[in-house]
Amino acid sequence: MLFRRAAAKNTADEADLDEANADEQDLDEHGGLPADLEIDHLDEDQIADDQTYEEQVNDPSQKVPARSGRFGRSRGFLSSPLSALRRGGRVDERTLDELEEALLLADVGISTTNFLLTDVRAKLRSKELGGDATSLVAYLEGAVLGLFGDDDRELHYADVGTTVWLFVGVNGVGKTTSIGKLAHRETAAGRRVVLAAGDTFRAAAGEQLALWAQRSNVDIVQGADGADPSSVLFDAIAHAHARGADLVLGDSAGRLHNKANLMEELKKVRRVADREPGHVTEVLLVLDATTGQNGLAQAREFAQAVGVTGIILTKLDGTAKGGIVLAIQHEMDLPIKLVGLGEGIDDLATFDPSEFTSALFAS
Ligand SMILES: Nc1nc2c(ncn2[C@@H]2O[C@H](COP(=O)(O)OP(=O)(O)OP(=O)(O)O)[C@@H](O)[C@H]2O)c(=O)[nH]1
Ligand SMILES: [Mg+2]
């Protein structure tokens, strides 16, 4: 079911909160719905539009080419250079150079590659590590797994009130798709979910999110195009609260007129969403694994601005080389919580470091 704010208003101003608070009072007086909130059942025109979008998504020319296993090219990304190393037998300077090259080519990045190699060299010097290539590879696998530590990768819920998870990230990384997949997963787990169409910047964004809402049969609250996203979030939380829903998943724009605007807007969305009865327990930064090291720069910016609690790394099924996972883990103090492994509703997995490490080293 689609809930659309009737009036195009909501300037980006805290004064909206008074209005939103008034809406909240209206909830009691209007059968649980704010007076100026319209409920639209999805009509055929909308569905036709949705299908157009779906056709677009399913267009083979837009699909990522040939998948090989759950982790695409991450699976075994080190396997051919490592088998060459293994064949070499003894480890020498050349072996270490080759290993360095393999790690860099796999998107591990200079800093994390240096970290791993410094460790390997120290272990070789102290003879803790034997000089044969098989031991080297086995040690490296352990060292990579060790990078992941025992970070908390759970998604958290508020003890009281309405849990809010916000999704942030630059355009095209997979925010809306990840929300759709999570709506399905959380609904299947028995939670009542409401989607908040907080990307009011791009005209088709609401339509895209509405399709995902339809797939999981959850409510969606939308604002008018150009509406203040924090107000949309506020309405969605009020709606969830009135309906006894557990969880609000808040979409956001990936691009505004400039980056400073985007960060300021996201800060405000977070502030507003965190007011009673809303509790923001997750701010999930969505990163596209195929953009490689560029993702690290994005992560730093968003982490500083909006206090990211975890990362969703998408498109690991495709052409991503997987090493970026190691770089993010080592260089950012942020846990990868979920990974996107395709465009379908079930293609989202909790990130499991040992499964991922085994995939990297698979031969
Ligand atoms: N192969 C693959 N494609 C994905 C994955 N996640 C998202 N996509 C695709 O990436 C494209 C962009 O996804 P969106 O969810 O629209 O990205 P967004 O971050 O909401 O983008 P904006 O709304 O423009 O900011 C779509 O074609 C998705 O189907 C994934 O894990 N694997
Ligand atoms: Mg989107």
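Two strands count as paired when DSSP finds at least two bridges between them. In this predicted model, strand β6 (residues 247–250) meets that mark twice: 4 bridges join β3 (residues 162–168) to β6, and 4 bridges join β4 (residues 193–197) to β6.

## Overview

The protein has 13 helices and 10 strands. Buried residues make up 44% of its 363 residues. Contacts often span long stretches of chain. Among those between residues at least 6 apart in sequence, 78% join residues at least 24 apart.

## Strand β6 and its partners

β3 and β6 run parallel. So do β4 and β6. On the β3 side, Trp165 has Leu249 as its bridge partner in β6. On the β4 side, Ala196 stands opposite Gly250 of β6.

Which residues of β6 point one way, and which the other? Leu247 and Leu249 point one way. Val248 and Gly250 point the other way. All of them are buried.

## The nonpolar core

The largest nonpolar core holds 88 residues. Leu195, Ala196 and Leu249 touch the most other members. Helix α9 (residues 229–243) gives the most to this core, with 7 residues. In soluble globular proteins, nonpolar side chains tend to be buried together.

Leu249 ties this core to the strand pairing. Beyond its neighbours within four places in sequence, Leu249 is in contact with Trp165 and Phe167. Ile179, Leu182 and Ala183 are also in contact with Leu249. So are Val193, Leu195 and Ala196. Trp165 is thus both a contact of Leu249 and its bridge partner.

## Around ligand 1

The shell around ligand 1 has 24 residues. Gly174, Thr176, Thr177, Gly254 and Gly340 come nearest. Helix α7 (residues 175–188) supplies the largest share of the shell, 3 residues.

What is the make-up of this shell: how many nonpolar, polar and charged residues? The shell divides into 6 nonpolar, 11 polar and 7 charged residues.

## Helices α5, α12 and α13

Thr112 lies in helix α5 (residues 110–125). Is Thr112 buried or exposed? Thr112 counts as buried because it has 24 C-beta neighbours inside 10 Å, and the cut-off for buried is 20 or more. Leaving aside sequence neighbours within four places, Thr112 is in contact with Leu326, Ala327, His330 and Glu331. Thr112 and Ile328 are 216 residues apart in sequence, yet their C-alpha atoms are 9.1 Å apart in space.

Helix α12 (residues 323–331) is mostly covered, with 7 of its 9 residues buried. The buried ones are Gly323, Ile324, Val325, Leu326, Ala327, Ile328 and Gln329.

In α13 (353–361), the buried residues are Pro353, Phe356, Thr357, Ala359 and Leu360. Why do they sit on the same side of α13? They cover an arc of only 160° around the axis, which puts them on the same side of the helix. An α-helix has 3.6 residues a turn, so residues three or four places apart point the same way. The buried residues of α13 pack against α6 (133–147) and α12.

## The segment after α13

Ala362 is placed in the segment after α13. Ala362 is partly exposed because 14 other C-beta atoms lie within 10 Å. Ala362 and Leu82 are 280 residues apart along the chain. Their C-alpha atoms are separated by 10.0 Å.

## Backbone points to check in the loops

Most residues other than glycine have a negative phi, and most peptide bonds are trans. Some residues here depart from that pattern.

Where is the cis peptide bond? A cis peptide bond joins Glu276 and Pro277, with omega about 0°. Pro277 lies in the loop between α10 (259–273) and β7 (278–288).

Lys127 is not a glycine but has a positive phi of about 65°. Lys127 is in the loop between α5 and α6. Lys127 counts as exposed because it has 8 C-beta neighbours inside 10 Å, and the cut-off for exposed is 12 or fewer.

Asn217 is not a glycine either, and its phi is positive, about 55°. Asn217 lies in the loop between α8 (205–216) and β5 (219–222). With 11 C-beta neighbours inside 10 Å, Asn217 counts as exposed.

Note on methods: Residues are numbered from 1 along each chain as its sequence is written. Chains are lettered from A and ligands numbered from 1 in the order in which they are written. This is a predicted model: local features need pLDDT of at least 70, side-chain atom pairs count only at pLDDT 80 or more; totals for chains, interfaces and linings use all residues. A nonpolar core is a set of buried Ala, Val, Leu, Ile, Met, Phe, Trp, Tyr and Cys residues joined through C-beta atoms within 7 Å. Helices (H or I, at least four residues) and strands (E, at least two) are DSSP runs, numbered from the N terminus. Two residues are in contact if their C-beta atoms, placed from the backbone, lie within 7 Å. A residue is near a molecule or strand if its C-beta atom, placed from the backbone, lies within 6 Å of it. Ala, Val, Leu, Ile, Met, Phe, Trp, Tyr, Cys and Pro count as nonpolar, Asp, Glu, Lys and Arg as charged, and the others, Gly among them, as polar. The arc is that of the directions from the helix axis to the C-beta atoms.
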